[in-house]
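Here are some exercises to work through with the structure open beside you. Try each task on your own before you read the solution.

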2 protein chains.
Amino acid sequence: MSRRIATESIPRLKPGCEYCSLSKLCLPLAVSEDELESLENVVHPGYNLDRGEHAFRQREPFRSCYAVRSGAIKTYILTDRGEEQITGFYLPGEIIGFDSMGADNYACSAKALERSSLCEFAFDKMESLAQQLPNLQHHLFQLMSNEIKNSQTLSVQLSKHTADERIAAMLLSLSSRFSRRRLSPTELTLPMARHDIANYLGLAVETVSRVMTRFHKSGLIEAQGRNVTLKDVEGLQALSIQGAQ
Amino acid sequence: MSRRIATESIPRLKPGCEYCSLSKLCLPLAVSEDELESLENVVHPGYNLDRGEHAFRQREPFRSCYAVRSGAIKTYILTDRGEEQITGFYLPGEIIGFDSMGADNYACSAKALERSSLCEFAFDKMESLAQQLPNLQHHLFQLMSNEIKNSQTLSVQLSKHTADERIAAMLLSLSSRFSRRRLSPTELTLPMARHDIANYLGLAVETVSRVMTRFHKSGLIEAQGRNVTLKDVEGLQALSIQGAQ
DNA sequence: CGAATCTTTGATGCCGTTCAACAGCTGTGG
DNA sequence: CCACAGCTGTTGAACGGCATCAAAGATTCG
């Protein structure tokens, strides 16, 4: 599996959310400054995963949520046929495990797409802290509500939109999430393979590849492998219509 | 819209969850008996809807969740094209509005498929009560988690399963939810039209109709209109594989 | 009883899958 | 350093499941 790193052994890494560059995206945004200290008692920073390692697996007892600090995570559930269905991609500042809040076991598995570091939120501590901080409880509801909305948006994509529309929407979603992190909204380095995009969007790999090529030829994007440049954002928006996530 | 009925005007309807036949399915199952009284302060029973009326509409300010007491409700979201995408069907004992918990506005609209009665849970009261009752807070997380799981299950249906499989899974889901209410698990009276089934499952109406006819001819079910009898549950299970909801 | 809605059935065609093959990239080991 | 395997991405050809179009029967309800 994965290994914890004693925080003390990394002197240059200030522990605590206060100094984290993602604190404006992550859970700390829910609490006031004087409450921040009690939140930090819940957080265990410095949880590292190599590419392909799991943060948790479906059906394991649910213990923690994790904030992505760097890298990228995919979550997926297994169908009874043993196929995997990707339910989401999570970038730095985003939190995984909320779909299991309140459940006994993890509802999905979470796997690193590349070398990633996470912060761990112990669920039992988070729950009892939420008893004391109304803001936090409210924010947890909000985060879960967002999970539902994202999943419903995915359902709409899958049931009503063509391959072109799904892929355009996904590129725009990634773009807006990149720009939240103050990265370029047009020069994307995708953390996931075509295979994963296809799985997530309910398409065949070949279809994803063909659509990307077509987008490239029609001037909407430039793409070579995982490096994608959005050349005509408005054109993509016109295609996607329903902005995913 | 819809109208409240002063509880006093319905003497035969005992107010309060204690006497409700659905209390074992609904929110009261989260709290102990001595806590039940405080929960009842949150609940406003006797909220009636005629067929086609809305309990709430997407983007209205979020105020309440509603437990279905009788009838049936569909929830749906609007795509930017104005099409509707049904996100769930809710039967007695089930609760609508949890996908909006913590949000400012309703994430979806809720419409009665037939004459229905609801119990209203005011969100602000529920939230502050959850501050006091850890069990309740935990149960709310659990209910939201279930919403996520259901939505993810729908996504799997939409992206990986054929029309036959989706319809088999839906019939089985309805069957198990009927039997939870101590109704026959094989003699179903569907509260929704083919149109709604098709929309929910991401299919054309004609496909739903054809599949139902095919199921009938192959002895899996008997169907005339909304009256469906499951004749070969195991056969349906073999088809569906991934049991929805 | 007639209008509207719902359901079913048939014919046709398209979008995306499937099958197949190849090219590029990366890491490994002789 | 190169050969080879494994993975990833692209492209082509053919098939098929489901949508679309069209229309007729069934049901509901004012």
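**Exercise 1. Work out how helix 4 of chain B and helix 6 of chain B are oriented to each other.**

Solution. This is a predicted model, so keep in mind that you are reading a prediction.

Step 1: Two packed helices are described by the angle between their axes and the distance between the axes.

Step 2: Here the angle is about 75°, and the axes of helix 4 of chain B and helix 6 of chain B are 10 Å apart.

Step 3: Angles from 65 to 115 degrees count as roughly perpendicular. Helix 4 of chain B and helix 6 of chain B are therefore roughly perpendicular to each other.

Step 4: Now find the residues that touch. Helix 4 of chain B brings Ala163(B), Asp164(B) and Ile167(B), while helix 6 of chain B brings Thr207(B), Val208(B) and Val211(B).

Step 5: Sorted by class, this contact has 4 nonpolar, 1 polar and 1 charged residues.

**Exercise 2. Do the same for helix 5 of chain A and helix 6 of chain A.**

Solution. Step 1: These two helices pack at about 105°, and their axes are 8 Å apart.

Step 2: That angle makes helix 5 of chain A roughly perpendicular to helix 6 of chain A.

Step 3: On the helix 5 side of chain A, the contact uses Arg194(A), His195(A), Ile197(A) and Ala198(A); on the helix 6 side, it uses Val205(A), Thr207(A), Val208(A) and Ser209(A).

Step 4: The classes in this contact are 4 nonpolar, 3 polar and 1 charged.

**Exercise 3. Decide how enclosed helix 5 of chain B is.**

Solution. Step 1: A residue is buried if 20 or more other C-beta atoms lie within 10 Å of its own.

Step 2: Look for such residues in helix 5 of chain B. You should find Asp196(B), Ile197(B), Ala198(B), Asn199(B), Tyr200(B) and Leu201(B).

Step 3: Because 6 of the 8 residues in helix 5 of chain B are buried, this helix is largely enclosed by the rest of the structure.

Step 4: What do the buried residues pack against? Their partners are strand 5, strand 6, helix 3, helix 4 and helix 6 of chain B.

Step 5: Look just past the end as well: Gly202(B) follows helix 5 of chain B and has a positive phi, near 70°.

**Exercise 4. Find out how chain B is related to chain A, and where they meet.**

Solution. Step 1: Two copies of a chain are related by a rotation about an axis and a shift along it.

Step 2: To place chain B on chain A, you need a rotation of 180° with 0.0 Å of shift along its axis, and the RMSD is 0.0 Å.

Step 3: The two copies are thus related as by a two-fold rotation axis.

Step 4: Next comes the interface, where 37 residues of chain B contact 37 residues of chain A. On chain B, the elements giving two or more residues are strand 6, helix 2 and helix 3.

Step 5: Helix 3 of chain B has the largest share, with 18 residues. This side of chain B holds 13 nonpolar, 16 polar and 8 charged residues.

Step 6: Since 100% of the interface residues of chain B are also interface residues in chain A, the copies meet through the same surface.

**Exercise 5. Describe the protein surface near each DNA strand.**

Solution. Step 1: Begin with DNA strand D, which 19 residues surround; the closest are Ala193(A), Thr213(A), Thr162(B), Ala204(B) and Thr207(B).

Step 2: Helix 5 and helix 6 of chain A, together with helix 6 of chain B, each give two or more residues. Helix 6 of chain A gives the most, with 6 residues.

Step 3: The surface near DNA strand D divides into 7 nonpolar, 7 polar and 5 charged residues.

Step 4: Turn to DNA strand C. It is surrounded by 18 residues, the closest being Thr162(A), Thr207(A), Ala193(B), Arg194(B) and Thr213(B).

Step 5: The elements giving two or more residues here are helix 6 of chain A with helix 5 and helix 6 of chain B. The largest share, 6 residues, comes from helix 6 of chain B.

Step 6: By class, the surface near DNA strand C has 7 nonpolar, 6 polar and 5 charged residues.

Definitions and conventions
Residues are numbered from 1 along each chain as its sequence is written. Chains are lettered from A and ligands numbered from 1 in the order in which they are written. This is a predicted model: local features need pLDDT of at least 70, side-chain atom pairs count only at pLDDT 80 or more; totals for chains, interfaces and linings use all residues. A residue is near a molecule or strand if its C-beta atom, placed from the backbone, lies within 6 Å of it. Helices (H or I, at least four residues) and strands (E, at least two) are DSSP runs, numbered from the N terminus. Ala, Val, Leu, Ile, Met, Phe, Trp, Tyr, Cys and Pro count as nonpolar, Asp, Glu, Lys and Arg as charged, and the others, Gly among them, as polar. Axes are lines fitted to C-alpha atoms, for helices over the stretch in contact, and angles run from 0 to 180 degrees between N-to-C directions. Angles under 35 degrees count as roughly parallel, over 145 as roughly antiparallel, 65 to 115 as roughly perpendicular and the rest as oblique. Two residues are in contact if their C-beta atoms, placed from the backbone, lie within 7 Å. A residue is buried if 20 or more other C-beta atoms lie within 10 Å of its own, exposed if 12 or fewer, and partly exposed in between; C-beta atoms are placed from the backbone. Copies are superposed by least squares on the C-alpha atoms of residues with pLDDT of at least 70 in both.
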